[in-house]
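Trainee: Before we go further, could we look at this model together and reason through a few of its features?

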Amino acid sequence: MDGAETSAGPAPERAPEPAQGAMRTGIDGAVRAAISRAIVRIHAEHYGKGATQAKTYAFDNLIVTVLRDVFTTVERTLIDLDRPDTVREVRTTFQTMMNSSFVRAIEELTGRQVESFMSQIDPASGMGVEVFVLVPEPDARAQSTPRSVPGSPSAPS
């Protein structure tokens, strides 16, 4: 399984590499675990509670952190009182205000620039996701000498 999971216990220093044939991103298990810890830390520092479990996946230019048990006692109470929209609104405001903290953490841990950051919660399951789209890395093949187009002046005869 691609991803590194953290929970209440300490995370391993290095997770195993993806199985042969798995999608490689240059973001190994140790970095994914560090991303999970950073996301949980930001939530804990600013909400007073972080998720009890977090797992980060990396695919090409996409990083997704899945968080479990994300809600505070107040948020759970509002959800139980059939006010999930209130929780969603407060969470959306929080994410907007904390955008730079989340983006900075990902950029520092991956060495890549974040193009877009999105966040969502599911009041029914108690889960949340943080999604980061990274700026694509230049493709080494695209940087090689351009191929000539047949019929163009630079095309071999």
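The questions below concern a helix and a cavity in this predicted model.

Trainee: Is S36 buried or exposed?
Mentor: S36 belongs to helix α1, which covers residues 29-47. Since a residue counts as buried when its relative accessible area is under 20%, and S36 has a value of 0%, S36 is buried.

Trainee: With which side chain does the side chain of S36 make a polar contact?
Mentor: A polar contact requires a pair of N or O atoms within 3.5 Å. The side chain of S36 has such a contact at 2.7 Å, and its partner is the side chain of T56.

Trainee: How far apart are the end C-alpha atoms of α1, and what span should its 19 residues have?
Mentor: The expected span is 1.5 Å times one less than the number of residues, so the 19 residues of α1 should span 27 Å. The end C-alpha atoms agree with that expectation, being apart by 27 Å.

Trainee: Which residue caps the N-terminal end of α1?
Mentor: After α1 comes G48, with a positive phi near 90°, but the cap asked about is at the N-terminal end. There, a side-chain oxygen lies 3.2 Å from the backbone nitrogen of A30, and the residue that supplies this oxygen is D28.

Trainee: Which elements each supply at least two residues of the lining of the largest cavity?
Mentor: The search of the whole structure finds one cavity of 30 Å³ or more, and the largest cavity holds about 40 Å³ of space. Its lining, which includes R91, Q120 and V129, divides into four nonpolar, five polar and two charged residues. The elements that each supply at least two of them are α3 (84-110), β4 (114-122) and β5 (127-134).

Key
Residues are numbered from 1 along each chain as its sequence is written. This is a predicted model: local features need pLDDT of at least 70, side-chain atom pairs count only at pLDDT 80 or more; totals for chains, interfaces and linings use all residues. Side-chain values use heavy atoms; hydrogens and water are left out. On a 1 Å grid over the protein atoms alone, a cavity is a set of points where a 1.4 Å probe fits but cannot get out, and a pocket is an open set with protein on both sides within 12 Å along at least five of seven lines; lining residues have an atom within 4 Å of a point. Grid points are joined across faces, edges and corners, and a volume is the space filled by probe spheres set on the points. Helices (H or I, at least four residues) and strands (E, at least two) are DSSP runs, numbered from the N terminus. Ala, Val, Leu, Ile, Met, Phe, Trp, Tyr, Cys and Pro count as nonpolar, Asp, Glu, Lys and Arg as charged, and the others, Gly among them, as polar. Buried means under 20% relative accessible area, exposed over 50%, partly exposed in between (1.4 Å probe, protein chains only). A polar contact is a pair of N or O atoms within 3.5 Å; within protein, one must be able to donate a hydrogen and the other to accept it, and residues adjacent in sequence count only if both atoms are side-chain atoms.
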